[in-house]
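The following report covers backbone geometry, helix packing and cysteines. Please read it alongside the sequence and the coordinates.

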Amino acid sequence: MRQGIGFKDMRAFFAIVEEGNISHAAQRLDVAQPALSRQMKRLEEKLNVKLFERGSRRIRLTEAGRVLYGRVENIIGMVDGTVREITEIGTGAKGSIRIGTITSSGAMILPDLISEFHNVYPGVTFEIWEAEGARILELLDSHMIEIAITRTQVDNLAYDLLVLPNEPLVMVMNAKNPCGDSADVVKLSELKNQPLILPLRWKSIFEANCKKAGFTPEIICVSDSVVQDLLMVKMNLGSAMIPISSRRLLTDGDLIYKRIIEPEMTTHTVVSWLKNQTLSMACNNFLAMFKKIFMKDDIK
């Protein structure tokens with residue numbers, strides 16, 4: 001049974017053709033010239049065909065040699081390309097990062113972070129899933145995503161965490177129908193009898209604060225979609241509560257925001273991933289950049 005051609009033989013044959021003679025190819029491969037000549041002789045014997053036309057100072061290929069060179073060039077290119085791709089994935093230069101986020105946190109973090117990351121690692125792509133917090137953690141548990149960005153309470157026994165500092169909640173209002181005497185803040189008591197649009201995650205604490213202030217809030221809609229909430233405010237249906245970091249979504253001049261005071265209400269963003277899970281190098285690089293951009297030096 002005739003033996004097939006090995007990858008070592010392909011490398012040697014390719015080097016000889018590329019260099020134009022055996023002497024230069026031997027130097028490139030760091031082998032002795034006689035040994036390389038014998039290797040090619042054995043290759044021709046295995047294939048039962050002549051690959052080179054002898055007697056010329058520069059290597060000339062036979063018809064069989066030209067066919068083999070075309071095939072070997074493709075094979076070596078594919079193998080080298082695969083090795084480069086695997087190496088790049090190992091260093092985080094390529095690959096895909098799967099992220100799940102709630103709207104309010106994603107709008108604050110991801111655009112700037114992905115832009116900065118893409119400048120450093122242009123070969124890395126992203127898959128972004130958007131849902132409410134509980135669903136995002138379900139996706140994380142099922143390994144559909146690698147990183148979760150939420151504002152929900154996260155079990156630090158099951159997940160590794162990065163927690164951003166607290167940020168104030170604000171009320172977004174239609175500029176034609178503002179609420180409160182101040183231009184920058186609104187007292188909780190000034191929201192009495194005002195139609196309100198609240199995210200579910202803050203509804204209970206908001207109602208509790210209103211009860212302490214002596215009134216029941218007029219909640220016309222409970223919605224975790226920041227974009228939808230802002231559209232309702234634009235239509236003058238009421239005022240909507242959002243984190244102050246989401247103010248970048250206020251691209252419409254008809255909308256204004258005021259920080260809630262007496263009492264102030266705050267929230268924070270949590271970035272989490274499963275404990276004991278080996279993250280891709282691209283994910284590790286992404287988290288390192290997140291820490292560099294968003295985290296304080298004293299936060300691990």
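N236 counts as partly exposed, at 42% relative accessibility, where buried stands for under 20% relative accessible area, exposed for over 50% and partly exposed for what lies in between, with a 1.4 Å probe and protein chains only. N236 is found in the loop between helix 8 (226–234) and strand 11 (239–243), helices (H or I, at least four residues) and strands (E, at least two) being DSSP runs numbered from the N terminus. Although N236 is not a glycine, its phi is positive, at about 65°.

This is a predicted model, in which local features need pLDDT of at least 70 and side-chain atom pairs count only at pLDDT 80 or more, while totals for chains, interfaces and linings use all residues. Residues are numbered from 1 along each chain as its sequence is written, and side-chain values use heavy atoms, with hydrogens and water left out.

N193, which is not a glycine, has a positive phi of about 65°, and its place is in the loop between strand 8 (185–187) and strand 9 (195–198). N193 is exposed, with a relative accessible area of 58%. A cis peptide bond, with omega about 0°, joins E262 and P263, and P263 lies in the loop between strand 12 (255–261) and strand 13 (266–267).

Two packed helices are described by the angle between their axes and the distance between the axes. Here axes are lines fitted to C-alpha atoms, for helices over the stretch in contact, and angles run from 0 to 180 degrees between N-to-C directions. The table gives these values for two helix pairs.

| Helix pair | Axes come within | Crossing angle |
|---|---|---|
| Helix 1 (residues 7–19) and helix 3 (residues 33–47) | 10 Å | roughly 115° |
| Helix 2 (residues 22–29) and helix 3 | 9 Å | roughly 105° |

Helix 2 is thereby roughly perpendicular to helix 3, on a scale where angles under 35 degrees count as roughly parallel, over 145 as roughly antiparallel, 65 to 115 as roughly perpendicular and the rest as oblique. The residues that meet are I22, S23, A25, A26 and L29 in helix 2 and Q33, L36 and S37 in helix 3, contact meaning heavy atoms within 4.5 Å. By class this contact has 5 nonpolar, 3 polar and no charged residues, where Ala, Val, Leu, Ile, Met, Phe, Trp, Tyr, Cys and Pro count as nonpolar, Asp, Glu, Lys and Arg as charged, and the others, Gly among them, as polar.

Helix 1 and helix 3 are likewise roughly perpendicular to each other. Their contact is made by K8, D9, A12, F13 and I16 of helix 1 together with L36, Q39, M40, L43 and K46 of helix 3, and by class it has 6 nonpolar, 1 polar and 3 charged residues.

In helix 7 (residues 200–212), W202, F206, N209 and C210 are buried, and what covers the buried residues of this helix includes strand 7 (167–174), strand 9, strand 11 and strand 13. Just after helix 7, G214 takes a positive phi of about 95°.

How many disulfides does a search of the whole structure find? The search finds 0, a disulfide being a pair of cysteine sulfur atoms within 2.5 Å. C179 is in no disulfide, and the nearest cysteine sulfur, that of C210, is 11 Å away. C179 counts as buried at 4% relative accessibility, and C210 counts as buried at 0%.
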